[in-house]
Amino acid sequence: MLGLLFLLWAGLLLLYFLWKTGRPKNFPPGPQLFPICGNLLQLNLKNPMKDFEKLSKRYGKVYSVYFGGRPVVLLHGLQAVKEALMTRGVEFAARPQGLLINHFFEDKGVIINTYGPSWKEQRRFALTTLRNFGLGKLSMEERILEETSHLSSYIEKIAGQSLDPQMLFYNAISNVICAILLGSRYNYEDQSFQSLMQMIIETSKIINGPWGMIYDTIPLLRSLPLPFWKAIENRNKLKAFLLIKVTEHKETQVPGQPRDIIDCYLDEIEKRGNDGSSFDDGFMVALLMDLFIAGTDTTSTTFRVGLLQLMVHPDVQARCHQEIDTVLGEREQVCYEDRHRMPYVQAVIHEVQRYGSVLPLSVFHATTQDIQVLGYSIPKGTTIIPNLSSVLYEEGQWKFPHNFNPSNFLNEEGEFVKPEAFVPFSMGPRMCLGEGMVRMGLFLFFVTLLHRFQFHLPQDGGEPDLTPNFGITQGPKPYQLGVRLRGQQCG
Ligand code: HEM
Ligand SMILES: *[C@@H]1O[C@H](CO)[C@@H](O)[C@H](O)[C@H]1NC(C)=O
């Protein structure tokens, strides 16, 4: 009797869950759902990429999976991604809420801040400030060039040998960002700088890893002292560090003569007075963290992809050397204007970004309201994953979709062209706001290094493993970079 009751109860419970976990009407299709865990058990969580590829083959350009009870819609290919993020951009401009990363950023700043007035204000401020970067005496270009010369002299010391470039690039890129945000750079050996870097790396690993996933899907566990607490603890340390910088700036700032972004922000707070806008110390620190975290990993990973490809394709590197020598002649230093006379180098850099696809799934979006799009109904607040890799490798969009080949960005005349499917920065109202700075940085760094050095696979290093490491950002596995000083070949 008791057994029968139990069976009845279990049956009802199962029916209830099956009913609860069905897809809403006219929702994008996807694999069969299971109670509570949704589709989680059907995915290999350590590297779900293969599973997703199968799903898109089976269900098409727009499909859905459930992470626990949370529905997620994936967009595949240029047409679907463009329709959502550009044509219907505003309706897709929210961010998912209630995740570890939201708590990390306390719903402030730009990246994770959902669609609304404070996101708009902070984004516009950041964009215009980065664009008009005539901060004080040094332009953006001069700040980047200062770092390229430090990096160059550092590498010169180890010429003839090889090194793992990971931390070195991390340091160089965050120095450029530090210079722009805080007005100062750090020595590559500086201890406090190193521990700051380690902290940022550790934190993004937690947020992007399994513990982040657990936090996001099983809210019950959030109050337990599990590793995701470390992320919040690190956030507080980072915040404390930045607040000290802000206080120092307040003491030394001359209004109207900004030295860096903090000074610009202080001017903005002053200018806004009490107009009800979102400019205050809390939002400033959130924006600083945003720019730091958004810029460092992505850009330095792009460099690692680039140097790896240059080692693996010596012919491509030789053509870069040739073009750079021709354009620079006797000149020591490159400038950003030179890019117009270096179509091949430009093509190589863009191909590095395309092939590297460093943020393969962009940053997740969410819908701002119930909408009808691409033939489906998607409710307000649904998580949207635009698959940027699917556009960057899409057949029909590229001459060589699956191989590293700079010809993807060159026309018959050898001129540089940029196809519409070049979307490493995503598209629409949420598009990366660091693009201008990244363009300039990639060009100045690559040309400076290639002018001075030749990169080769080290004899002792063995074959590099070209399969990417997956995370939110994907990049090459650690490798050894062989460096030779080039002769006095200028001119
Ligand atoms: C190679 C380097 C980089 C790549 C590939 C990259 C790519 C991206 C992508 C794909 C997004 C998501 C856009 C979307 O939600 O649809 C994004 C957002 C963002 N990026 Fe970048 N990024 C890079 C470097 C930078 C740098 C250097 C900065 C600033 C210093 C930056 C600042 C931001 C910010 C603030 C957002 C959030 C924009 C918003 O939500 O409105 N990024 N980036
Ligand atoms: C995104 O697209 C790429 C290339 O088509 C594919 O390999 C990958 O599995 C896709 N990822 C997801 C999450 O759909």
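Me: Which domains give at least three residues each to the shell around ligand 1?
Reply: Domain 1 (1–77 + 358–392) and domain 2 (93–357 + 393–485) each supply at least three residues to that shell. Keep in mind that this is a predicted model.

Me: Sure, thanks. How many residues surround ligand 1, and which are the closest?
Reply: There are 25 residues around ligand 1, and the closest are R95, R123, H365, S426 and C432.

Me: How does the shell divide into nonpolar, polar and charged residues?
Reply: You get 13 nonpolar, nine polar and three charged residues around ligand 1.

Me: I'm thinking about polar contacts now. How far is the side chain of R95 from an oxygen atom of ligand 1?
Reply: An N or O atom in the R95 side chain sits 2.7 Å from an oxygen atom of ligand 1. H365 also has a polar side-chain atom 2.7 Å from a ligand 1 oxygen. For S362, a polar side-chain atom is found 3.3 Å from an oxygen atom of the ligand.

Me: And which elements give two or more residues to the shell?
Reply: Those are α5 (117–131) and α12 (281–312). The largest share comes from α12, with six residues.

Me: Nice. What about the iron atom of ligand 1, which protein donor does it have?
Reply: The only protein donor is the SG atom of C432, at 2.3 Å from the iron.

Me: Where does C432 lie?
Reply: You'll find C432 in the loop between α15 (388–392) and α16 (435–452). C432 is also among the residues closest to ligand 1.

Me: Changing topic: in what order do the three strands of the open sheet stand?
Reply: The order is β3-β11-β8, and the pairing is antiparallel.

Me: Why is one side of β3 and of β8 left without a neighbour in the sheet?
Reply: Both β3 (162–163) and β8 (453–456) stand at the edges with a single partner strand each, so one side of each has no neighbour there.

Me: How many bridges join β8 to β11?
Reply: Four bridges, in the antiparallel sense, pair β8 with β11 (residues 481–485). If you want to click through the pairing, F453 stands opposite L485 in β11, while H456 has G482 of β11 as its bridge partner.

Me: And how many bridges join β3 to β11?
Reply: Two bridges join that antiparallel pair. On the β3 side you can look at L163, whose bridge partner in β11 is L481.

Notes. Residues numbered from 1 in each chain as written. Chains lettered and ligands numbered in written order. Predicted model: local features only at pLDDT ≥ 70, side-chain atom pairs only at ≥ 80, totals over all residues. Heavy atoms only, no water. Pairing = 2+ DSSP bridges. Near = heavy atom within 4 Å. Polar contact = N/O pair within 3.5 Å; in protein donor to acceptor, adjacent residues only side chain to side chain. Nonpolar A, V, L, I, M, F, W, Y, C, P; charged D, E, K, R; others polar. Domains from an automatic or database assignment. Donors = N, O, S within 2.8 Å, 3.2 Å for Na, K, Ca; no water.
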